[in-house]
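Let's take a walk around a protein and the ligand it holds. Have a look at the sequence and the model first.

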Amino acid sequence: MQAVFRNAMSRLGSPVVLVTTDGPAGRHGLTVSAITSVTDTPPTVLVCLNRSNQSHRAFLENGRLGISILGKGHDTLACAFANSTLSSTDRFGHGTWQTGPLGSPLLDGALATLDCTIDDTHSIGTHDVLICRVHTITVKDGAGHGLTWFDRSFHYLPPKCTPC
Ligand SMILES: Cc1cc2nc3c(=O)[nH]c(=O)nc-3n(C[C@H](O)[C@H](O)[C@H](O)COP(=O)(O)O)c2cc1C
């Protein structure tokens, strides 16, 4: 069941973001595709993090996280932040970073950034679902081509087709 579940999920195109934190538990970041909007009132997203991640405890202890939505040209960055053999310093050596108002690193050139507090968590199986309240948002002019994870590879989104 686990293998066929993973195969099925590989056919579900996902966003690609960098999720970052900084604070008393240190600066950490990783590539994440399990992220979705929950509600715009109050602005809330959920992020699913594997509890076996090296950075997991730091996110919960810092109680805050930054989300940088990736686009065209960010695939190398996404690979670096998914590489568990790279230190935090080496990962953040890729890209140019600003510090958000709540203290989390936010990527220059991201399609949008969200500065959040972690307001609640729910454990399911291997992962924690983090309920994140969004406090500050930046949106880059022009969406360009988004980056997506589909069939276990990165893809750039093509130009618009039928608008709904
Ligand atoms: C496209 C892509 C999406 C990923 N999505 C997630 C995710 O949603 N949640 C998660 O915990 N790990 C996800 N990962 C794996 C982490 O990025 C990877 O395990 C990372 O090395 C964890 O860092 P850490 O152990 O230093 O905390 C993803 C990796 C890739 C390449």
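Here is a short tour of the ligand's surroundings, followed by a stop at one glycine.

This is a predicted model, in which local features need pLDDT of at least 70 and side-chain atom pairs count only at pLDDT 80 or more, while totals for chains, interfaces and linings use all residues. Residues are numbered from 1 along each chain as its sequence is written, and side-chain values use heavy atoms, with hydrogens and water left out.

So who surrounds the ligand? The shell has 18 residues, and T31, N50, Q54, S55 and R91 are the closest (a residue is near if one of its heavy atoms lies within 4 Å). By type, nine of the shell residues are nonpolar, eight are polar and one is charged (Asp, Glu, Lys and Arg count as charged; Ala, Val, Leu, Ile, Met, Phe, Trp, Tyr, Cys and Pro as nonpolar; the others, Gly among them, as polar). Two strands, β3 (28-32) and β5 (43-50), each give at least two residues to this shell (strands are DSSP runs of E, at least two residues long, numbered from the N terminus).

The table lists polar contacts, meaning pairs of N or O atoms within 3.5 Å.

| Ligand atom | Protein partner | Distance |
|---|---|---|
| oxygen | Q54, polar backbone atom | 2.9 Å |
| oxygen | A82, polar backbone atom | 3.1 Å |
| oxygen | R91, side-chain N or O atom | 2.9 Å |

Now for the glycine. G146 sits in the loop between β10 (127-139) and β11 (147-150). G146 counts as buried because its relative accessibility is 13% (buried means under 20% relative accessible area, with a 1.4 Å probe and protein chains only). L111 is 35 residues from G146 in sequence, and their C-alpha atoms are 7.8 Å apart in space.

Note on methods
Polar contact = N/O pair within 3.5 Å; in protein donor to acceptor, adjacent residues only side chain to side chain. Helix = DSSP H or I, 4+ residues; strand = E, 2+ residues; numbered from the N terminus. Buried < 20%, exposed > 50% of the residue type's maximum accessible area, 1.4 Å probe, protein only.
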